[in-house]
Amino acid sequence: MPGKAQKERLTDHFLPQDSSFRSLLSSHFAVLKMSWFWFYLPLHLLMVACLCHSIKAPTTSSQQSFKTDLFNFYHSLILADGKETTIHLLKDIPKRYYFVLEEGRALAPFTITVTPCDVPIEWSILVHKASESFLGKAARGDHDTQEVSKSQKAPSMVSTIFNYKGNSVETYMGMSSHSALYMLEFLSTERDTHITVYLTTDTTSGHLYPELPMDPRIDVIGIGHTTVTLTWKHSPSVLQHRENIQYCLLVNEKHNYKSLCAAETAIRSSGMKLPPALALSLSPYLLEPQQVMILSNSELSIINRVSSGEVRQICMGTKNTYTVPNLSPSTQYYFDVFVVNLLTNASAAYTGTFARTLDEPEPKVTELKDGKVTQVILDGKKQKSYSLQYQARHKKIQFTFQLCRGQVRVHITKNGKTVASENISGLRYFSLKGKLLDTYLVQVRSTEETNSSVKVQVSPHFHKPLFPLLPESLKIKSFSKLRTCNSVTIAWLGTQEESKYCVYKKKIEEDQIWMELQNAERCSGPESRHKSEKVLCKYFYDINLQRAVTTETIKGLDAGTLYLFDVYLFGPSGIPVRYHSKVVKTRKKC
């Protein structure tokens, strides 16, 4: 409680130089200081509240100006009526806001809605009620004021009428009198955060927030491998104001969100920026680089790419049944529906739900036979995996994989235990030991959305492999200094085993380079090439691998022209292996 000297400094600083008004306010100061300790309220703000809403004093222009100045000074602490206010909270530092009713209103209902936008918070409503006789005594002069000061043992007129702790949207509805002053106190104990607060004393006009139905649950009515179908009861606001209301669905793999502002905060904290509901106005310029906007059948879907998966916000107008597409099998998803008022940008959340998509169907299993080559073709979208099974007839076996197109990962198990797992590039051998009749399961999976293809062969370890012995590298090298207007020189590595090599060439344009290199079928042999593209075939080998290199100069080319060169290696079985294609351009001028 402030001392006498402090009281005088405060009144001298804030009160106007009007003797009659100073006398009037001083008579009330003793009443106000009784409540100093209970309400944590700045003395000057409490004086303003009492002056403007309780004290029936003569009104002059100077007094009115004084009250106006004080209210302007503390406008940021007075909660606006009928407006949603965003409040930023610092960790462990309480923040307080105040409100009183307009003059002349004896009893009136009021509603306070608080929406946490991140972590749980604590908030409470305190009220200070002053009786008419109490204020009357204080208004009669200094003598009566002293008497009131002595009766400080009277029951406290401050009470906490509501408190809450959590991160749910919470609404308090109550009745207020003109002689009551209210304080709202907010506290975040976890970290800095922000909330929104909506106070209204007008319960007769329309609502800021859309209304929820009596049963605000979301029902899951269908589950597939990659889809989930949801339905929910219509909001009464949709039935009344269909053109201004829409439903938005949030889909993620982490947890449910209790408000749209909480969802936006979580996404932004992951380095993303989710446009607010009103920003979903079909404008792609509002999106961040990591976001994808999809518009189809009057539905807007915004997908945020984050490290832990996708967060999708889909707005579908006033439809209350929706099938969420393009989900992953065997994955649990959380679904939240928000009804959004497009005029006010305010939203209300249905009770979130979750569902797990069905397990991916077991792929058909193909039996592998000794020595037989099986080619597996995978559709990157429809069928991304393929299974092959082999029952060992020998203790030592060898699996051979030749990647033909795309990117593929191979997983091999023996009697249910993993023995090999890796991405395949070029030609890859796996030599394994076991027992007779061991069961091997080979799972081939595409690692990208485009089509992939791989050849698989299994054979006893002592059998001569069908695929040729490969050099350390399958790259073709060209020599820039040896290029002329009608010839180029290329080189490639060989092996210690005498093999046949055939060279092919093809004219291409600048805009064809990427497609030719990307879509090259590495398992296809020269039979797929036009006869005119064949340049030559030759045999060579060298026991010393350091010298197992051959060069070839291809002549008769056109000046300033791009050529695609391919080299095919044939082993004893006649199965070809294609080197990596090389693009070379002849000189334009010589």
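User: Along strand 26 (residues 439-446), which side chains point to one face and are buried?

Analyst: Strands are DSSP runs (E, at least two residues; helices are H or I, at least four), numbered from the N terminus. Buried means under 20% relative accessible area, exposed over 50%, partly exposed in between (1.4 Å probe, protein chains only). The side chains of strand 26 alternate, and Thr439, Leu441, Gln443 and Arg445 point to the other face and are not buried. The buried face holds Tyr440, Val442, Val444 and Ser446.

User: What pLDDT do local features need in this predicted model?

Analyst: Residues are numbered from 1 along each chain as its sequence is written, and side-chain values use heavy atoms, with hydrogens and water left out. This is a predicted model: totals for chains, interfaces and linings use all residues, side-chain atom pairs count only at pLDDT 80 or more, and local features need at least 70.

User: Which residue in strand 26 is the bridge partner of His411?

Analyst: Two strands pair if DSSP finds at least two bridges between them. Strand 21 (residues 385-391) runs antiparallel to strand 26, joined by seven bridges, and its Gln391 stands opposite Thr439. Strand 23 (residues 408-414) also pairs with strand 26 in the antiparallel sense, over seven bridges. The partner of His411 is Gln443.

User: Which strand gives the most residues to the largest nonpolar core?

Analyst: A nonpolar core is a set of buried Ala, Val, Leu, Ile, Met, Phe, Trp, Tyr and Cys residues joined through side-chain atoms within 4.5 Å. The largest has 23 residues, and those with the most contacts inside it are Tyr390, Phe399, Phe401, Ile412, Tyr440 and Val442. Elements giving two or more residues include strand 21, strand 23 and strand 26. With four residues, the top contributor is strand 22.

User: How many residues does the second, separate core have?

Analyst: In soluble globular proteins, nonpolar side chains tend to be buried together. The second core includes Leu89, Val127, Phe186 and Ile195. Its count is 22 residues.

User: What is the area of the nonpolar surface patch made by Val220, Ile223 and Leu358?

Analyst: Such a patch takes residues with over 30% relative accessible area and no salt bridge; nonpolar side chains (Val, Leu, Ile, Met, Phe, Trp, Tyr) are joined within 5 Å, and like charges within 9 Å. Areas come from the Shrake-Rupley method with a 1.4 Å probe, and for residues only the protein chains shown count as cover. Ile223 lies in strand 9 (residues 218-223) and is partly exposed because its relative accessibility is 41%. The patch covers about 210 Å².

User: Which residues do salt bridges join into one network with Arg529?

Analyst: A salt bridge is a side-chain nitrogen of Lys or Arg within 4 Å of a carboxyl oxygen of Asp or Glu. Arg529 meets Glu533 at 2.7 Å, and both are buried. Asp566 bridges to Arg529 at 2.8 Å; Asp566 lies in strand 33 and Arg529 in the loop between helix 10 and strand 31, so the pair ties together parts 37 residues apart in sequence. Through shared partners, the network joins Arg529 with Glu533, Asp566 and Arg578.

User: How far apart are the closest N and O atoms of Glu510 and Lys585?

Analyst: Glu510 is exposed because its relative accessibility is 52%, while Lys585, at 38%, is partly exposed. The two form a salt bridge, with the closest N and O atoms separated by 3.7 Å.

User: Is Lys531 buried or exposed?

Analyst: Lys531 sits in the loop between helix 10 (513-518) and strand 31 (534-540). Its relative accessibility is 78%, so Lys531 counts as exposed.
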